[in-house]
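Subject: Handover of a structure and the findings from it

Dear colleague,

Please find below the structure that I am handing over to you. I should be grateful if you would keep it open while you read the notes that follow.

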Amino acid sequence: MISIVMPTLWKGKFYKEMLPILSAHELVGEIIIIDNDPDNVDKEIVSLKKIKYLPQKENIYVNPAWNLGVEVSSYDRICLYSDDVLFDPSVIDAVYPFMSEDKGITGFSYESISENHQSLFRADWEIPQIVPTWAFHYRFGICMFMHKNSFHKISDDYKIFYGDTHQFDVNSSLNRQNYRIENYACMTKMKSSSRNFNSITEEDSRKYKENNPSMSLMEETVRRLL
């Protein structure tokens, strides 16, 4: 069974449609909502079956919320889900065999993610599949699947950014293969919440550069280009 972990400020566009679908899926055991803004709670959503609701006294931000959600999860397979993402639910069945403790994390390929919410198009020859990947991209963290033992606690240095980078890199260093999901529909409205916390993300970036001097230039270049 899978534990879905969703930190939220209730600003995402797609959770209202996605969470009822996830709640009804037979492989989903629970949906853990880390509520960073209880004053604006969506009461309809938190009343769904399988919801484990964890309101916070203040905004603890995404990465600490992921740490908390995984810590309290009841199942050994984890999906870190952003509230501004809508994806083809058949992905769950396809990715489930890849959520074993000998593997790393699985996320959507860059090409599979659309920000054009009007339409999604996939040619007949674009076969839905899950394949090994050695390349991280900055959208990887919008929705990630993994075994609980493949999640590695994120440093308190990083509140919003680099939690996904950390998961990818640590699993790679442990020779656990990471995977990408290709040609399954996935839509998102990027940075629907993080855009409101520029000072926090700038501090995340500063600390990342300090802690990873050999990687920081390449990382910053990629983030600016994409």
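To begin with a single residue: where is the place of Lys159? Lys159 sits in the loop between strand 9 and helix 5. Please bear in mind here and throughout that the model is predicted.

Lys159 is partly exposed, its relative accessible area being 30%. Its C-alpha atom is separated by 7.8 Å from that of Ile60, although the two residues are 99 residues apart along the chain. Leaving aside residues up to four places away in sequence, Lys159 touches Tyr61, Val62, Asn63, Pro64, Ile200 and Asp204. In addition, the side chain of Lys159 reaches the backbone oxygen of Asp156 at 3.4 Å.

Helix 5 covers residues 163–173. Buried residues in this helix include Gly163, Asp164, Phe168 and Val170. After helix 5 comes Asn175, which has a positive phi, near 60°.

Salt bridges

Side chains of opposite charge can pair when their charged atoms come close. How many salt bridges does a search of the whole structure find? The search finds 5.

One of them joins the side chains of Asp42 and Lys16, at 2.6 Å from N to O. Asp42 belongs to the loop between strand 2 (28–35) and helix 2 (43–46), while Lys16 belongs to helix 1 (residues 15–24), so this pair ties together parts that are 26 residues apart in sequence. Asp42 counts as buried, because its relative accessibility of 9% is under 20%. Lys16, at 47% relative accessibility, counts as partly exposed.

A salt bridge is also found between the side chains of Asp76 and Arg77, at 3.3 Å from N to O. Here Asp76 is partly exposed, with a relative accessible area of 35%, whereas Arg77 is buried at 19%. Arg77 has another partner, for it lies over the face of Tyr96, at 4.5 Å from the ring centre.

Lys103 and Asp102 likewise meet through their side chains in a salt bridge, at 3.7 Å from N to O. In this pair Lys103 is buried, with a relative accessible area of 18%, and Asp102 is exposed at 52% relative accessibility.

Nonpolar cores

Which residues have the most contacts inside the largest nonpolar core? They are Leu19, Tyr81, Phe87, Phe108 and Phe145, in a core of 37 residues. Helix 1 gives the most to this core, with 4 residues. Leu19 touches Met6, Ile31, Ile33, Ile45, Leu48 and Tyr81, when residues up to four places away in sequence are not counted. There is also a second, separate core of 20 residues, which includes Val5, Ile32, Ile34 and Ile160.

Helix 1 also holds Ala24, which counts as exposed at 64% relative accessibility. Ala24 and Lys50 are 26 residues apart in sequence, and their C-alpha atoms are 8.8 Å apart in space.

Aromatic rings

The structure holds 10 aromatic pairs. In one of them, the rings of Phe98 and Tyr179 have their centres 4.9 Å apart; their planes stand at 65°, so the pair is edge-to-face. Phe98 is found in the loop between helix 4 (90–95) and strand 6 (106–108), and Tyr179 in strand 10 (residues 178–182), so the pair ties together parts that are 81 residues apart in sequence. Tyr179 counts as buried, at 10% relative accessibility.

Phe140 and Phe168 form a further pair, with ring centres 5.5 Å apart and planes at 85°, so this pair too is edge-to-face. Phe140 lies in the loop between strand 8 (129–133) and strand 9 (143–147), and Phe168 in helix 5, so the pair ties together parts that are 28 residues apart in sequence. Both Phe140 and Phe168 are buried.

Ring pairs also link Tyr81, Phe87, Phe108 and Phe145 into a cluster. These four residues are among those with the most contacts inside the largest nonpolar core. Lastly, Arg139 lies over the face of Tyr110, at 4.5 Å from the ring centre.

With kind regards

Methods:
Residues numbered from 1 in each chain as written. Predicted model: local features only at pLDDT ≥ 70, side-chain atom pairs only at ≥ 80, totals over all residues. Heavy atoms only, no water. Salt bridge = Lys/Arg side-chain N within 4 Å of Asp/Glu carboxyl O. Helix = DSSP H or I, 4+ residues; strand = E, 2+ residues; numbered from the N terminus. Buried < 20%, exposed > 50% of the residue type's maximum accessible area, 1.4 Å probe, protein only. Core = buried A, V, L, I, M, F, W, Y, C linked by side-chain atoms within 4.5 Å. Contact = heavy atoms within 4.5 Å. Phe/Tyr/Trp six-rings, centres within 6.5 Å; stacked < 30°, edge-to-face > 60°. Lys NZ or Arg CZ within 6 Å of the ring centre and 35° of its normal. Polar contact = N/O pair within 3.5 Å; in protein donor to acceptor, adjacent residues only side chain to side chain.
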